[in-house]
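Subject: Structure handover

Hello,

Here is the structure you will be working with. Please open it before you read the notes underneath.

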Amino acid sequence: MSKANPLLDPVLTWYAANARDLPWRAPAATPWSILVSEIMLQQTPVVRVLPVWTEWMERWPTPAALAAEPPGEAVRHWGRLGYPRRALNLHACARAVVERHGGEVPADHAALLALPGVGEYTAAAVASFAFQGRHAVLDTNVRRVLARAVSGEEYPPKATTAAERALAASLLPGPEDAPVWAVAVMELGALVCTARTARCAECPISGLCAWRLAGKPAYDGPVRRGQSYAGTDRQCRGRLLAVLRQAHGPVPKAALDAVWDDAPQRERALDGLVADGLAEVLQDGTYRLPA
DNA sequence: AAGGCGTGGGT
DNA sequence: TACCCAAGCCT
């Protein structure tokens, strides 16, 4: 039997007083609305997700509603959230939920994991937040909080390790508290124990934090690679897809040529979009979002 | 298993 | 100003 988690009470108390009032945490939130929020939030800040999520929930309140649309509509209403394959994943999720689960988002972790674009984190998050399941929810916030508070390191490793999973599992409270513990640690990481400058003065567990007690030693691992963006295929893909999103109908290739000068790179990026199912070429050589 | 995949606000 | 990085996933 493992020891009780000393972080549990202070973190839950802090959360009760400081949690943000986010719509996907409201009592009216459905498993579908929570799944949509989780996919939108992958690598994307809350403030940017909020308006898009609201529009999606009005337009597609159920998986069946989205499943009835062509995938291109999901991509169009994705707007500028970034990583638009997530829109395709959500559309495929909707169709899979209709076909395999009678239109209801499954509660089972393994069934969630089998959905497109749903990985270890998202499956645990949906099982926990939508169905009150007991799962270790290891996102970037939780990993950073545990790295600091327990391991005494400023940052967690680049990729999630078995040791991190074991640590998170060992801290998991009983079924009654597991879901609120998960969301509360995440919130602490998002609002207080932030990546750049931790707000230790506001932290409910600063007195227990191994990193702070060690004098907050600077990160001493391998240099984290800054992802360059200007001039990359990613930027080019973004430009091309923006043209397709804004047009309501097929676009002549000249309109795509106009937004990126480097022709070989442009062709490569366009082929990539088509290969990924984010764009379609018609017989007359025009392009559009997938029907 | 390292790298590709968008975007924009904060510092 | 240039980074940094934000509720990851997939190959």
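The notes below go from the whole chain to the two DNA strands and then to one helix and one residue.

Some conventions come first. This is a predicted model, in which local features need pLDDT of at least 70 and side-chain atom pairs count only at pLDDT 80 or more, while totals for chains, interfaces and linings use all residues. Residues are numbered from 1 along each chain as its sequence is written, chains are lettered from A and ligands numbered from 1 in the order in which they are written, and side-chain values use heavy atoms, with hydrogens and water left out.

Overall layout

Chain A has 291 residues, and 45% of them are buried (under 20% relative accessible area; exposed is over 50% and partly exposed in between, with a 1.4 Å probe and protein chains only). Its secondary structure comes to 15 helices and two strands (DSSP runs, H or I of at least four residues for helices and E of at least two for strands, numbered from the N terminus). Along the principal axes, the C-alpha atoms fill a box of roughly 65 × 45 × 30 Å.

The domain assignment, which is automatic or from a database, gives domain 1 (30-129), domain 2 (140-213) and domain 3 (233-288). The centres of domain 2 and domain 3, taken over C-alpha atoms, are 42 Å apart. Separately, an unreviewed UniProt entry annotates residues 40-191 as "domain: HhH-GPD"; such annotations may be inferred rather than shown by experiment. That span is 62% helix and 0% strand.

DNA strand C

There are 28 residues around DNA strand C, and Glu 38, Thr 122, Asn 141, Ala 195 and Arg 196 come nearest (a residue is near if one of its heavy atoms lies within 4 Å). Sugar and phosphate supply 60% of the strand C atoms within 4 Å of the protein.

Polar contacts are pairs of N or O atoms within 3.5 Å; within protein, one must be able to donate a hydrogen and the other to accept it, and residues adjacent in sequence count only if both atoms are side-chain atoms. Backbone N or O atoms of Gln 43 and Gly 117 lie 3.1 Å and 3.0 Å, respectively, from a phosphate oxygen of DNA strand C. Helices H2 (31-41), H8 (120-129), H9 (140-149) and H11 (178-191) each give two or more residues to this surface.

DNA strand B

DNA strand B is surrounded by 15 residues, the closest being Arg 48, Arg 80, Pro 84, Arg 234 and Arg 237. A backbone N or O atom of Leu 81 is 3.0 Å from a base nitrogen of this strand, and one of Pro 84 is 3.4 Å from a phosphate oxygen. Helix H13 (residues 233-246) gives the largest share of the surface, four residues.

Helix H8 and Arg 143

H8 is largely enclosed by the rest of the structure, because nine of its 10 residues are buried. These buried residues pack against H2, helix H7 (109-113) and H11.

Arg 143 lies in helix H9. It counts as buried, because its relative accessibility is 10%. Its side chain makes a polar contact with the side chain of Glu 164 at 2.8 Å and reaches the backbone oxygen of Ala 159 at 3.5 Å. Beyond four places in sequence, the residues in contact with Arg 143 (heavy atoms within 4.5 Å) include Leu 138, Pro 156 and Thr 160.

Regards
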